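Grab a pencil and keep the 3D view open while you work. Try each exercise on your own before you read the solution under it.

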Amino acid sequence: MGTTTTDIRVTTLGNLTLLTGTFRNGGTTVSYDGFLSDVMMAGGNITSGVWTGILVNDVGGVAAGSVAITVNNQNALRTLHKGQAIYKSSQGTGEHNENSTYTRIGIIEGMNGGGTSIEIVGGTETALANDDRIYVIGPSLSAINAEILGQATQVAVTVGIDEVNKTLNIACGTEYTNNIDAFAKESFQHGKWFALGRR
């Protein structure tokens with residue numbers, strides 16, 4: 001189970017109150033009792049990377065400023081889309097973890113018909129090594145199109161409102177290698193949440 005930093009912030013908007021905060025490692029439960037009598041809406045967003053299943057496929061690496069990245073391991077057409085920002089992790093070719101940071105590679109201009117090459121608007125903003133993992137920040141389409149050697153990605157934030165106990169139930173999925181591991185592996189995704197309601 002994730003944790004929430006003690007940073008519940010209260011903002012008054014006319015006769016409404018906005019609560020905001022952050023979560024780490026997959027979500028948590030936040031009490032809004034004492035802040036709000038009624039929650040009208042709540043939501044959340046991921047602020048950490050989600051692996052798309054795509055790897056850089058260039059033994060010589062990709063220099064900063066390159067207009068195209070050759071990729072493999074997953075058809076990029078089934079996971080990414082034009083206009084989307086893509087990132088690399090501070091872990092490089094290794095699996096990212098709760099301490100990973102992410103550097104933007106660039107914005108996707110397009111992809112070839114086989115999904116093996118990604119074109120970047122204005123060229124890549126950073127250099128890449130062979131087998132670097134490509135990430136997005138936010139839900140990945142690979143949650144739907146999971147074909148990466150049996151790995152599935154189910155990373156999306158949901159915020160439920162428990163009106164009886166006056167809590168927000170924040171949940172975030174995980175990356176796992178097969179369906180059996182899905183419930184055993186903890187998420188390390190980080191994000192932000194909000195709740196808007198009446199005092």
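Helices (H or I, at least four residues) and strands (E, at least two) are DSSP runs, numbered from the N terminus. The model is a predicted one: local features need pLDDT of at least 70, side-chain atom pairs count only at pLDDT 80 or more, and totals for chains, interfaces and linings use all residues. Residues are numbered from 1 along each chain as its sequence is written, and side-chain values use heavy atoms, with hydrogens and water left out.

**Exercise 1. Get the overview.**
Work out how many helices and strands the protein has, and what share of its residues counts as buried.

Solution.
- Start with the secondary structure: there are 16 strands and zero helices.
- Next, burial. Buried means under 20% relative accessible area, exposed over 50%, and partly exposed in between (1.4 Å probe, protein chains only). By that rule, 46% of the 199 residues are buried.
- Now the surface, with accessible areas from the Shrake-Rupley method and a 1.4 Å probe. About 9,600 Å² is exposed, and carbon and sulfur atoms supply 52% of it.
- Last, contacts, meaning heavy atoms within 4.5 Å. Of the contacts with a separation of 6 or more, 67% join residues 24 or more positions apart.

**Exercise 2. Follow leucine 128.**
Is leucine 128 buried or exposed, and which residues does leucine 128 touch?

Solution.
- Find the spot: leucine 128 sits in the loop between strand 10 and strand 11.
- Check the accessibility: leucine 128 has a relative value of 5%, so it counts as buried.
- List the neighbours, skipping residues up to four places away in sequence: leucine 128 touches Val56, Gly61, Val62, Ile69, Lys88 and Ile105.
- Look across the chain, too: glycine 92 is 36 residues away from leucine 128, yet their C-alpha atoms are separated by 8.4 Å.

**Exercise 3. Compare with valine 121.**
Now find where valine 121 lies and how its accessibility is classed.

Solution.
- Valine 121 is in the loop between strand 10 (117-120) and strand 11.
- Its relative accessibility is 45%, so valine 121 is partly exposed.
- Apart from neighbours within four places in sequence, valine 121 is in contact with Ile107, Ile108 and Glu109.
- The C-alpha atoms of valine 121 and valine 67 are 7.0 Å apart, with their positions 54 residues apart along the chain.

**Exercise 4. Pair the strands.**
Which sense of pairing do strand 9 and strand 10 show?

Solution.
- Two strands pair if DSSP finds at least two bridges between them.
- Strand 9 and strand 10 are antiparallel, with three bridges. Methionine 111 has isoleucine 118 in strand 10 as its bridge partner.
- Strand 10 also pairs with strand 7 (residues 68-72), antiparallel over three bridges; here alanine 68 stands opposite glutamate 119.
- Strand 13 (residues 157-162) and strand 14 (residues 167-172) are antiparallel as well, over six bridges. Valine 159 has isoleucine 170 as its partner in strand 14.

**Exercise 5. Hunt for positive phi.**
Which residue takes a positive phi in the hairpin of strand 13 and strand 14?

Solution.
- Lysine 166 does, with a phi near 55 degrees; this hairpin has four residues between the strands.
- Keep the background in mind: most residues other than glycine have a negative phi.
- Lysine 166 is partly exposed, because its relative accessibility is 24%.
- Asparagine 73 is another residue other than glycine with a positive phi, near 80 degrees. Asparagine 73 is in the loop between strand 7 and strand 8 (85-89).

**Exercise 6. Look at the rings and the core.**
How many aromatic pairs does a search of the whole structure find?

Solution.
- The rule: rings of Phe, Tyr and Trp (its six-membered ring) pair if their centres lie within 6.5 Å; planes under 30 degrees apart are stacked, over 60 edge-to-face and the rest tilted.
- The search gives one pair. Tyrosine 102 and tyrosine 135 have ring centres 5.5 Å apart and planes at 65 degrees, so they are edge-to-face.
- Tyrosine 135 is buried, at 0% relative accessible area.
- A nonpolar core is a set of buried Ala, Val, Leu, Ile, Met, Phe, Trp, Tyr and Cys residues joined through side-chain atoms within 4.5 Å. The largest has 31 residues, and Ile69, Leu80, Ile86, Ile118 and Ile134 have the most contacts inside it.
- A second, separate core of six residues includes Tyr135.
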